[in-house]
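Here is a short walk through a single protein chain. Keep the structure open and follow the elements as they come up.

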Amino acid sequence: MLDRLNQAVEHIEERLEQPLDARELARIAGTSEYHLRRMFSALAGMPLSEYVRRRRLTVAAAEVLAGRESLLDVAVRYGYGSGEGFARAFRAVHGVGPGEARRTGAALVSQPRLTFRLTVEGSGSMRYRVVERPEFTVVGLKARVPLVHLGPNQAIVDFVRGVDRQVLERLEKLSDQEPRGVVAVCDDLDPGRAEGTELDYYQGVITSSAAPAGTTALRVPAGTWAVFTTSGPAPNAIQELWRDVFTQWFPSNPYRSRPGPEILRVVPSPDGAEADAELWLPVES
């Protein structure tokens with residue numbers, strides 16, 4: 001998988017002056033466009049589109065400083081329809097506009113070309129199972145929240161704190177399918193997983209019962225799920241599990257992610273410092 005990703009990166013390098021065709025990149029990587037975006041974001045720490053933008057503006061910056069062409073010519077060659085649009089994008093990456101950079105020779109930011117490598121540590125194993133599930137329904141309370149990669153997600157913390165305990169207790173009684181108990185469900189995520197992009201967050205249960213008044217139902221089609229378990233400090237162990245699934249498990253297994261909700265069941269320790277967690281991710285082979 002990583003070899004194919006590196007071939008996709010090479011394809012990007014050869015076509016920095018052309019529009020990005022994510023479907024062609026997915027074909028080169030031998031996977032779906034959805035999984036390519038997920039894998040790239042997890043491995044690179046930034047969305048695919050952001051990497052391409054930064055590489056283009058890195059190469060364009062060298063031409064801006066060289067001074068052989070007009071700024072407009074450089075802008076058009078790298079996909080910007082106007083000098084103003086190019087200047088805004090240039091400033092967002094480099095901290096100065098292209099005109100100022102050319103006049104003053106200012107220090108600019110460089111986005112290195114990525115190369116993906118798999119580091120094998122062998123210090124532990126990942127606990128997982130793959131299951132087939134018929135269609136099921138998530139019933140619970142819903143909020144639209146931003147994505148946070150590290151540390152507590154304050155929007156989710158505030159939302160969960162505001163949920164009436166009695167409502168959760170009534171919902172928990174409706175739980176009649178795995179994963180049992182109250183679960184956190186993330187849906188409608190941006191495939192690139194950019195920090196700050198929004199998602200639908202549910203606090204609810206998996207049930208065959210009808211949604212009570214004041215709650216929301218999310219119907220989930222039948223499909224294959226990879227189920228991962230972990231234990232450790234909260235929330236670090238859970239966030240590290242999410243990272244390790246995409247940086248270690250997917251590159252080493254014949255599965256790829258597919259669109260669908262991501263389900264997390266967490267059982268905290270009495271003092272809340274640690275937790276046992278079970279993560280359900282929709283996959284396909």
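Two strands pair if DSSP finds at least two bridges between them. Strand 3 (residues 183-187) and strand 8 (residues 262-268) pass that test in this predicted model. They pair in the antiparallel sense over three bridges. Look for Ala184: its bridge partner in strand 8 is Leu264.

Strand 8 also has a partner in strand 9 (residues 274-284). Here six bridges join the two strands, which run antiparallel. One facing pair is Pro268 and Ala275, the latter in strand 9. Strands 8 and 9 form a hairpin, with five residues between them. In the turn sits Gly272, with a positive phi of about 80°.

Now step back to the whole chain. It holds 10 helices and nine strands. Its C-alpha trace spans about 70 × 40 × 35 Å along the principal axes. Of its 285 residues, 46% count as buried. Take the contacts between residues at least 6 apart in sequence: 72% of them join residues at least 24 apart.

Turn next to helix 10, residues 236-252. Does its length fit, or not fit, its residue count? At 1.5 Å a residue, its 17 residues should span 24 Å. The end C-alpha atoms are 23 Å apart, so the two values agree. The helix is bent all the same, by about 40° at Val245. Many of its side chains can be checked for burial: the buried residues include Ala237, Leu241, Asp244, Val245 and Trp249. An α-helix has 3.6 residues a turn, so residues three or four places apart point the same way.

Phe246 lies in helix 10 too. Is Phe246 buried or exposed? Its relative accessible area is 3%, and buried means under 20%, so Phe246 is buried. Which residues does Phe246 touch, leaving aside its neighbours within four places in sequence? The contacts are Arg38, Met39, Ala42, Leu43, Pro251, Ser257 and Leu281. Leu5 gives another view of the fold: Phe246 and Leu5 are 241 residues apart in sequence, yet 13 Å apart in space, C-alpha to C-alpha.

Finish with a helix pair. Helix 4 (residues 48-66) packs with helix 6 (residues 83-94) at an angle of about 100°. Their axes are 10 Å apart. Angles of 65 to 115 degrees count as roughly perpendicular, so helix 4 is roughly perpendicular to helix 6. On the helix 4 side, the residues that meet helix 6 include Arg53, Leu57, Ala61 and Val64. On the helix 6 side, Phe86, Phe90 and Val93 are among them.

Terms used. Residues are numbered from 1 along each chain as its sequence is written. Side-chain values use heavy atoms; hydrogens and water are left out. Helices (H or I, at least four residues) and strands (E, at least two) are DSSP runs, numbered from the N terminus. The expected span of a helix is 1.5 Å times one less than its number of residues. The bend at a residue is the angle between axes fitted to the seven residues ending there and the seven starting there. Buried means under 20% relative accessible area, exposed over 50%, partly exposed in between (1.4 Å probe, protein chains only). Contact means heavy atoms within 4.5 Å. Axes are lines fitted to C-alpha atoms, for helices over the stretch in contact, and angles run from 0 to 180 degrees between N-to-C directions. Angles under 35 degrees count as roughly parallel, over 145 as roughly antiparallel, 65 to 115 as roughly perpendicular and the rest as oblique.
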